[in-house]
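Me: Please take a close look at one part of this model: the nonpolar core. Keep it brisk.

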Amino acid sequence: MSTPVTTRRFGGASRLLHGIPHVFVIAWAVMVLLPLAWIVMSSLKTNAEIYRNPFGPPGELRLGIYAEAWQISNIGSYFVNTVIVVAGGVVLTLLLSAMAAYVFARYPFFGRRGFYYLYLAGMTFPVFLAIVPLTKIAQTLGLFANKPGLILIYTAFSLPFSVFFLTAFFQSLPGELAEAAFIDGAGHFGVFFRVMLPLARPGLISIGVFNFLGQWNQYLLPVVLNPPVDQARSNFVLTQGLADLALRQNYESGPTAVAQLFAGLVIAMIPVLAVYIVFQRHVQEGLTAGALK
């Protein structure tokens with residue numbers, strides 16, 4: 001007669017255990033969303049409202065602060081510079097890493113393993129150790145304090161992980177398709193660009209999103225290799241511009257000076273959130289494709 005009671009007891013315990021992960025997920029979501037909500041609210045306040053009631057809602061909807069941040073605080077120029085640099089860095093990283101990974105995955109040659117491990121060693125090299133020689137090289141080659149220099153340097157630091165990720169992905173693709181393309185008369189470049197590269201689309205999207213997030217939020221390399229070239233700091237990327245704006249707020253007394261900084265943070269976050277929301281499913285497919293195949 002005690003069996004139903006025991007079953008109910010264990011059933012309740014099982015439901016409780018299954019609910020624990022959901023509690024942690026909800027708690028984590030609250031920890032992430034609350035600071036974001038606070039930043040958005042602060043971007044709509046005046047300095048007086050921020051200092052008087054930092055966690056309260058704004059007195060009115062001041063969307064004009066975003067226009068002020070875009071123009072007066074030069075956020076628009078920083079945003080455009082970041083888009084140019086990150087777009088160039090991501091595209092170049094995807095192209096070079098895909099070609100290198102395809103060769104490592106499909107073409108046996110002398111020293112292949114050694115070159116592959118050399119790429120992997122790049123993931124263990126701290127960027128701080130490369131700052132001084134990298135600065136000298138950039139100055140010598142004319143890549144200091146300009147967009148092409150940042151694009152090439154971003155690409156160089158993104159290649160090791162990208163090659164590592166895509167090599168495993170290309171190895172998981174069926175080789176019979178490449179063999180069939182060769183039989184039909186396709187050359188090596190034709191097989192790569194017309195057959196294998198489209199098949200690697202989930203992996204390319206995944207590594208592209210990772211590189212976009214990393215390069216968009218990069219701070220150390222621009223600060224060292226992209227110093228201001230004029231009084232307006234027109235060559236700065238967003239991370240530099242926001243840090244410089246935060247420093248200058250201590251010396252400015254405009255009624256919305258601090259709110260402009262928060263507005264700049266919101267503007268910087270929007271592309272990151274948009275990219276992740278749009279490509280979330282593709283990233284998950286790319287990460288699991290190799291295991292499923």
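Reply: What follows describes the core, then its surroundings.

This is a predicted model, where local features need pLDDT of at least 70, side-chain atom pairs count only at pLDDT 80 or more, and totals for chains, interfaces and linings use all residues. Numbering runs from 1 along each chain as its sequence is written, and side-chain values use heavy atoms, without hydrogens and water.

A nonpolar core here is a set of buried Ala, Val, Leu, Ile, Met, Phe, Trp, Tyr and Cys residues joined through side-chain atoms within 4.5 Å. Buried means under 20% relative accessible area, with a 1.4 Å probe and protein chains only. The largest such core has 30 residues. Tyr66, Ile75, Phe212, Trp216, Leu238 and Leu242 have the most contacts inside it. Helices H3 (64-71), H4 (75-106), H10 (201-216), H12 (238-248) and H13 (257-292) each give two or more residues to this core. H13 gives the most, with eleven residues. Helices are DSSP runs (H or I, at least four residues), numbered from the N terminus.

Take Ile75. Leaving out residues up to four places away in sequence, Ile75 touches Ala69, Trp70, Leu238, Leu242, Leu245, Gly264 and Ile267. Contact means heavy atoms within 4.5 Å.

Apart from the largest core lies another, of 17 residues. Ala178, Val191, Phe192 and Leu204 are among them. Leu204 is 9.3 Å from Phe169, C-alpha to C-alpha, and the two are 35 residues apart in sequence. Phe169 sits in helix H7 (residues 147-172). Phe169 counts as buried because its relative accessibility is 4%.

Note on methods. Buried < 20%, exposed > 50% of the residue type's maximum accessible area, 1.4 Å probe, protein only.
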